[in-house]
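Hello,

I'm passing along the structure I mentioned, so that you can open it and look around for yourself. My notes come right after it.

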Amino acid sequence: MTKVMPRGAPLLETLAGTDHKRIGLTTGAVAFGFFLAGGALAVLMRTELAQPGLQVVSLSTYNALFTMHGSTMIYLFVTPVALALGLYLVPLQVGARGLAGSRWALGGLWLLVLGGLTMWSGFLVQGGAAQATWSGFDPLSNAVNSPGNAMDSWIWGVVLATLGELLMAGAITATLLGRRAPGMTLLRMPIFCWAELVTCLMTLFAFPVLIGAMVALWIDRQWGGVFTAPGGPVTYQHLFWFYGHPVVYVMFFPFLGAVAEVIVVFSGKRLFGYRGMVLSLLVFASLSMSVWAHHMFTVPGVTVEYFALTSTLLVIPAGTEYFSLLGTLHGGRIRLSVPMLFALAFLVQFLVGGLSGIWVASPALDNHANNSYVVVAHFHYTLLAGSIFGFFAGVYYWWPKLTGRLLGERLGRLHVALFVVGTNLTFAPQFALGEEGMARRIADYPAGAGWGTLNLLSSIGSYVIALSVLVFVVNALVSRAPAGPDPWGGQTLEWATPSPPGEAQDLSPATVLTAFGVAALLSGTELGPWCIALGALLVAAGVAGLVAER
Amino acid sequence: MIAVAFWGALYLAGARRARGWPRARSAAFAGGLALLAVALASPLDARAERLLSAHMAQHLLLGLAAPLLVAAGAPVRLALAALGPRGRRWVARALHALPLRPATGWAAFTAVMLGTHLTGVYELALRDPLIHAAEHLAYVLAGLLFWVPLVGADPLPHPPGPAAKLAWLMAAMPPMGLVGARLLTGGVAYPSYPSLADQRTAAGLMWGAGSLLLAAALVWIVFAALVREEQRQRRREAAR
């Protein structure tokens, strides 16, 4: 099937066009919009925390701020933007003529937008947006403790956005498995495609469980009886973290893949230890299904030994990946352009997040760090200093391909410098604050605790980050230098196309949407949530297997 | 025990007749049979009467570890190599008739895992030795159905590709995780095993050890399949 849209109707094409590049770009733009919005909430929070006492917001508004900041960043920015890169680049990199199931992806984009708006509509209702943290733990999120519509709109926002991400992941997986050019064996795919494949498989397995848990939570809020049995809240935590840990890798691997591509090209070499890297991605994917309870070390009754073991085992594939990247750098002809600067900064910055991860993977140490700012610092060093540095490395690297224009080098360098300074200034003090006992998710702290200086530094750092993002936006708006098809000497197929690439021929027939059915609910027993999760999981696992087998 | 000895003798006879049969395959098959023997006829079986954790270890051996090694021993390939033309035709017909696809194997494995652990079947089996024996047989058969298409040592009419193997192996982790999570979070699951502490250990075994075993198998099987695919493509290109 060829192009069905009339030319010269850009809005219509954005809304309904099935060209994978347009879907990818729009998804990325929507996600970036949510990044700016979520970032604004973060700056507000840091402003409140800059000194002891309540100056800017009320306690409940602060709760809404951190809830919506976390939810926005995770459900509406990092995950969709990770998939958006795949939507745009995967068909080009594997030599496919289009995205398999591009209508899935388009539907996913709509669902993402709808979900985001639903979630943010909470700010409009009385009492403000949802306040039950990004994880929505029961009983904090139940009808008694979180009354009002905002919590419900949060739940449905999460469901819609997650469903959209599932559809996108399905389309990318099908493309990777069924649409590769002849001769493109799986072991010849660019490492970014491997990262996307593993990411999408984890998405297909983990996200249905979140949808199941959210629907169960909503039913519990309406009629009760789902998580009310003894152990119900722990059941919710298990379901949530079964999604919540794989999603950490979903939010990380595509950017690791981007960093690897950048390091390869700007070292002028092939990837060192390509097969080792693929192997380590496989190990990560398989272990990702069995480490979730390390988020629950302090919950009574969790077999901490096993989860500490599986979590600590992750250092082996992580180390392999580092050696692979360092080995690529070694002896290369290194060009320090902006993408490479971001990639190198990623290597150093993410190391802090990774090493502090080994620390909290130990139950004894985690008991001390749990619920403190140490955890906040740790996951921001992985998600901001890891994923977002990788994201910007990818953005600077692929921007010429996406737009046909080069981003300004001088503004880019300023962006890197400000981002590195801001990130460390914001989050390094938080390790110290957590160590001294400052709890996370608090709007105020006693003046006598002596935390004022470190908090002030951290807040200044967050302004520096905001400034650096502003520099990027300016750079994107003002830079006009034409790029040509291959400004970097890239090694992968997308650089053999013009910048931006021409219209793709979408050859896929209309594809049936897969309904992720929710099993019938047995309320009043603790079997209810298990049944929901089980149903969703079995359907998802079966579908993933069948898709993969095609 | 007799069955284990019988299959062992049969395999040995086959390996003698088929020239140049790889030792690694024989070793894998012997290892699989040894694990079966350990599960059914060692002190573990006696312990399993009293301790849920020992019982779970037994189930993991029967349903996961032993069938994996047996499948890696490529018994069907050996039968094809060792038998005469009539026997071969018979084996080939059986291969086409049997549902040796990952979807069937995964469904069987999931059904047996969840069906025996999350329902009343577990208690029933403890009371009736016949049902217990049937349960153990179901583990071994489901394990074989699951592993044979995924290991890929035996020649099959419809072998799955590397990515399909990856997906099916990942799909096998959630069922075991769910059994583990149920045993971890709920109260006493089986009246015959009242100790909650031991139930937690059993859950950890099911979850941790089971997942680790699957993870190791995943890396080995998928990577071997990837390399094989790449080698095939290189041969194809060299022939051009």
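Below is what turned up, beginning with how the chains meet and then moving to the rings and the charges.

Please keep in mind that this is a predicted model, so every value here is computed from predicted positions.

**Where the two chains meet**

Let's start with the interface. On the chain B side, 42 residues are in contact with 45 residues of chain A. The size of an interface is often given as the accessible area lost when the parts come together. For chain B and chain A, that buried area comes to about 3,800 Å², and 78% of it is on carbon and sulfur atoms.

There are polar links as well. Between chain B and chain A there are three salt bridges. Four residue pairs across this interface are in polar contact, with both residues at pLDDT 80 or more. Which elements of chain B supply two or more residues to the side that touches chain A? They are α7 (102-117), α10 (162-171), α11 (173-185) and α12 of chain B. Of these, α12(B) gives the most, with 20 residues.

One of the salt bridges is a good place to zoom in. The side chains of B:E230 and A:R188 meet with N and O 3.0 Å apart. B:E230 belongs to helix α12 (residues 196-239) of chain B, while A:R188 is in the loop between α5 and α6 of chain A, so this pair joins two chains. Are its two ends buried or exposed? B:E230 is buried, with a relative accessible area of 3%, whereas A:R188 is partly exposed at 28%. The two residues also belong to a wider network of salt bridges, in which A:R188, B:E230, B:R234 and B:E237 are linked.

**Salt bridges within chain A**

Over all chains, the whole structure holds eight salt bridges. In one of them, the side chains of A:D152 and A:R221 come together at 2.9 Å, N to O. This pair links distant parts of the chain: A:D152 is in helix α5 of chain A and A:R221 is in helix α6 (residues 191-223) of chain A, 69 residues apart. A:D152 has 15% relative accessibility and counts as buried. A:R221 is buried too, with a relative accessible area of 9%.

Another bridge stays inside a single helix. A:R413 and A:E409 have their closest N and O atoms 3.3 Å apart. Both lie in helix α16 (residues 409-435) of chain A, four residues apart, which is about one turn of the helix. Each end is partly exposed: A:R413 at 38% relative accessibility and A:E409 at 30%.

**Aromatic rings**

If you like aromatic rings, there is plenty to look at: a search of the whole structure finds 54 aromatic pairs over all chains. Take A:F77 and A:F391 as an example. Their ring centres are 5.6 Å apart and their planes stand at 90 degrees, so the pair is edge-to-face. A:F77 is in helix α3 (residues 59-93) of chain A and A:F391 is in helix α15 (residues 373-403) of chain A, so the pair ties together parts that are 314 residues apart in sequence. Both A:F77 and A:F391 are buried.

A second example is A:F137 with A:W241. Here the ring centres are 6.3 Å apart and the planes are at 75 degrees, so this pair is edge-to-face. It links distant parts of the chain, with A:F137 in the loop between α4 (102-120) and α5 (149-178) of chain A and A:W241 in helix α7 (residues 232-244) of chain A, 104 residues apart. A:F137 is partly exposed, with a relative accessible area of 22%, while A:W241 is buried at 9%.

For a broader view, try highlighting the aromatic cluster whose members include A:F77, A:F391, A:F392, A:Y396, A:W399 and A:F472.

In chain B, a charge meets a ring: the charged end of B:R25 sits over the ring of B:W21, 5.3 Å from its centre.

**One more residue**

Finally, A:G319 is in helix α12 (residues 315-329) of chain A. A:G319 is partly exposed, with a relative accessible area of 23%. Its C-alpha atom is 34 Å from that of A:L41, and the two residues are 278 residues apart along the chain.

Enjoy exploring!

Best wishes

Methods: Residues are numbered from 1 along each chain as its sequence is written. Chains are lettered from A and ligands numbered from 1 in the order in which they are written. This is a predicted model: local features need pLDDT of at least 70, side-chain atom pairs count only at pLDDT 80 or more; totals for chains, interfaces and linings use all residues. Side-chain values use heavy atoms; hydrogens and water are left out. Rings of Phe, Tyr and Trp (its six-membered ring) pair if their centres lie within 6.5 Å; planes under 30 degrees apart count as stacked, over 60 as edge-to-face and the rest as tilted. Buried means under 20% relative accessible area, exposed over 50%, partly exposed in between (1.4 Å probe, protein chains only). A charge sits over a ring if NZ of Lys or CZ of Arg is within 6 Å of the ring centre and within 35 degrees of the ring normal. A salt bridge is a side-chain nitrogen of Lys or Arg within 4 Å of a carboxyl oxygen of Asp or Glu. Contact means heavy atoms within 4.5 Å. Buried area is the accessible area (1.4 Å probe) that two parts lose on being put together, summed over both. A polar contact is a pair of N or O atoms within 3.5 Å; within protein, one must be able to donate a hydrogen and the other to accept it, and residues adjacent in sequence count only if both atoms are side-chain atoms.
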